[in-house]
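Here's a quick briefing to go with the structure you have open. Take a look at the fold first, then skim the points by topic.

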Amino acid sequence: MAKMKADSESETRSFEGSLTELEQVVRKLESGTQPLEQMLVDYAKAVELVQFCHTQLEGARRRVAQLEGVREDGHATVSAWQENATDASDGTEPPSRRRGK
């Protein structure tokens, strides 16, 4: 029963709504005004929201295509997302790859 509820929630949940909810939960956690048990519940909710957002971003990343150019007939030519793509303008990695360096 809990699995069915989780599945139906993830079908109706949006990335933007989840991100907003995550921000609210983080603010509550950072305030430090809640009892420990409530903070643990909120932490578990934050982890769930982060996992959902990550899954949504991974799905979006897979759908991203790179514009290669325009054919003579006016149609765009695209290629699949390349995991190791670099920013052609400056030779560096895209911003999503720069974290942690």
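Just 16% of the chain's 101 residues count as buried. Keep in mind that this is a predicted model. The accessible surface adds up to about 8100 Å², and carbon and sulfur atoms account for 56% of that.

**Fold**
- The chain has four helices and two strands.
- Reading from the N terminus, the order is α-α-α-β-β-α.
- Take the contacts between residues at least 6 apart in sequence: 31% of them link residues at least 24 apart.

**Nonpolar core**
- In soluble globular proteins, nonpolar side chains tend to be buried together.
- Here the largest nonpolar core is made of five residues, namely Leu22, Val25, Leu29, Ala46 and Leu49.
- Both α2 and α3 supply two or more residues to this core, and α2 gives the most, with three.
- Leucine 49 touches Leu22 and Val25 from that core; setting aside neighbours within four places in sequence, its contacts also include Arg13, Ser18 and Glu21.

**Glutamine 34**
- Glutamine 34 sits in the loop that runs between α2 (15-31) and α3 (36-63).
- With a relative accessible area of 18%, glutamine 34 counts as buried, because the cut-off is under 20%.
- Its side chain makes a polar contact of 3.0 Å with the side chain of aspartate 42.
- Beyond neighbours within four places in sequence, glutamine 34 is in contact with Lys28, Leu29, Met39 and Asp42.
- One of these, Leu29, is also a member of the largest nonpolar core.

Key
Residues are numbered from 1 along each chain as its sequence is written. This is a predicted model: local features need pLDDT of at least 70, side-chain atom pairs count only at pLDDT 80 or more; totals for chains, interfaces and linings use all residues. Side-chain values use heavy atoms; hydrogens and water are left out. Buried means under 20% relative accessible area, exposed over 50%, partly exposed in between (1.4 Å probe, protein chains only). Contact means heavy atoms within 4.5 Å. Accessible areas come from the Shrake-Rupley method with a 1.4 Å probe; for residues, only the protein chains shown count as cover. A polar contact is a pair of N or O atoms within 3.5 Å; within protein, one must be able to donate a hydrogen and the other to accept it, and residues adjacent in sequence count only if both atoms are side-chain atoms. A nonpolar core is a set of buried Ala, Val, Leu, Ile, Met, Phe, Trp, Tyr and Cys residues joined through side-chain atoms within 4.5 Å.
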